Amino acid sequence: MSNTPMAASPLTRAVLEIDEYVSGLGWDQPARLFALVDTARLRSQEPGLAAQLGLEDEQATTGLTPIEQEEIPAGKPLDEFLGTIAWPDPVVGCALTVERLMLPPSAEASVPEGLSDKKLSQWVAKHPDRQEVRMTVAVLRDGTRDSALRLREKDSPTEVLTGGALVPGLAEALSATFED
């Protein structure tokens, strides 16, 4: 994508490209899953698909191309869905975007004890300090990971936070999709 800034690694560039793409769709979107493939390998082994994705004229010889997968089934818990995924060998990584409500660490002490997941979600949704966040998390087969976080109230490409350890639980769940 033309607006994606140059980043230190191909994985960070892929995460930011996915964040930019999903940002263009607006908020209140379902979770989206992406396969990550080696761009050079895609161009040489699947020239038709590379042309369809607009990659035939790209100058870069390294990089990752995100390919959006079928829609994640509604009503199925994300962790259960991820447990059903297996990737073919050409897929070198995967990424997921998901929107959630977050609370600042200062709110942890006020969480009522013994709430079910549903009641906890309702409590968070009503909390005055809640923040809507879109998380894009990506992992490679070798364990490398990166993430991008975008707050709804600061919805700007210059306000996207990136880092490999931002969403460790989701990164672990995505890494598990590559285990035999």
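The structure holds 7 salt bridges, and because this is a predicted model, every contact on this tour should be read as a feature of the prediction.

**First stop: arginine 150 and its partners**

Select arginine 150 and aspartate 19 and show their side chains, which meet in a salt bridge with a nitrogen-to-oxygen distance of 2.5 Å. Arginine 150 belongs to strand β5 while aspartate 19 belongs to helix α1 (residues 10-23), so this pair ties together parts that lie 131 residues apart in sequence. Neither end of the bridge is on open surface: arginine 150 counts as buried at 2% relative accessibility, and aspartate 19 is buried as well, with a relative accessible area of 2%.

Keep arginine 150 selected and add aspartate 155, with which arginine 150 forms another salt bridge, the closest N and O atoms being 2.8 Å apart. Aspartate 155, at 36% relative accessibility, counts as partly exposed. With these side chains on screen you can follow a network of salt bridges that links Asp19, Arg150 and Asp155. As background, side chains of opposite charge can pair when their charged atoms come close.

**Second stop: a salt bridge between two strands**

Now select glutamate 99 and arginine 134, which form a salt bridge whose closest N and O atoms are 3.6 Å apart. Glutamate 99 sits in strand β3 and arginine 134 in strand β4, and the pair links distant parts of the chain, 35 residues apart. Here too the partners are covered: glutamate 99 is buried with a relative accessible area of 18%, and arginine 134 counts as buried at 1% relative accessibility.

**Third stop: serine 147 in strand β5**

Return to strand β5 and pick out serine 147, whose place is in that strand. Is serine 147 buried or exposed? Serine 147 is buried, with a relative accessible area of 1%. If you display its surroundings and leave aside neighbours within four places in sequence, you will find serine 147 in contact with Val15, Thr136, Val137, Leu161, Thr162, Gly163, Leu166 and Val167.

**Fourth stop: strand β1 and the strands beside it**

Select β1 (32-38) and colour its residues by accessibility; 6 of the 7 residues of β1 are buried, so this strand is largely enclosed by the rest of the structure. Add β3, which pairs with β1 in the antiparallel sense over 6 bridges, and look for valine 37, which stands opposite valine 91 in β3. Then add strand β2 (residues 64-68), which runs antiparallel to β1 and is joined to it by 5 bridges; on this side, alanine 35 stands opposite isoleucine 67 in β2.

Just outside the strands, select glycine 63, found in the loop between α3 (47-52) and β2. Although in a loop, glycine 63 is buried, with a relative accessible area of 11%. Apart from neighbours within four places in sequence, the contacts of glycine 63 are Pro10, Val37, Asp38 and Thr39. For a distance to check in the viewer, the C-alpha atoms of glycine 63 and leucine 53 are separated by 14 Å, with their positions 10 residues apart along the chain.

**Fifth stop: the buried side of helix α6**

Select helix α6 (residues 168-176), where Leu170, Ala171, Leu174 and Ser175 are buried. These residues cover an arc of only 140° around the axis, which puts them on the same side of α6. An α-helix has 3.6 residues a turn, so residues three or four places apart point the same way. To see what lies against the buried residues of α6, show β1 (32-38), α4 (78-82), β3 (91-102), β4 (131-140) and β5 (145-151), against which they pack.

**Last stop: two places on the surface**

Select Val111, Leu115 and Leu120, which make a nonpolar surface patch of about 180 Å². Leucine 115 lies in the loop between β3 and α5 (117-126), and this residue is partly exposed, with a relative accessible area of 32%.

Finally, move to aspartate 28, in the loop between α1 and β1. Aspartate 28 is exposed, with a relative accessible area of 56%, and its phi is near 65°, a positive value in a residue other than glycine. Most residues other than glycine have a negative phi.

Key
Residues numbered from 1 in each chain as written. Predicted model: local features only at pLDDT ≥ 70, side-chain atom pairs only at ≥ 80, totals over all residues. Heavy atoms only, no water. Buried < 20%, exposed > 50% of the residue type's maximum accessible area, 1.4 Å probe, protein only. Helix = DSSP H or I, 4+ residues; strand = E, 2+ residues; numbered from the N terminus. Arc of directions from axis to C-beta. Contact = heavy atoms within 4.5 Å. Salt bridge = Lys/Arg side-chain N within 4 Å of Asp/Glu carboxyl O. Pairing = 2+ DSSP bridges. Patch = residues over 30% accessible without salt bridge, like charges linked within 9 Å, V, L, I, M, F, W, Y side chains within 5 Å. Areas by Shrake-Rupley, 256 points an atom, 1.4 Å probe, with all protein chains shown as cover.
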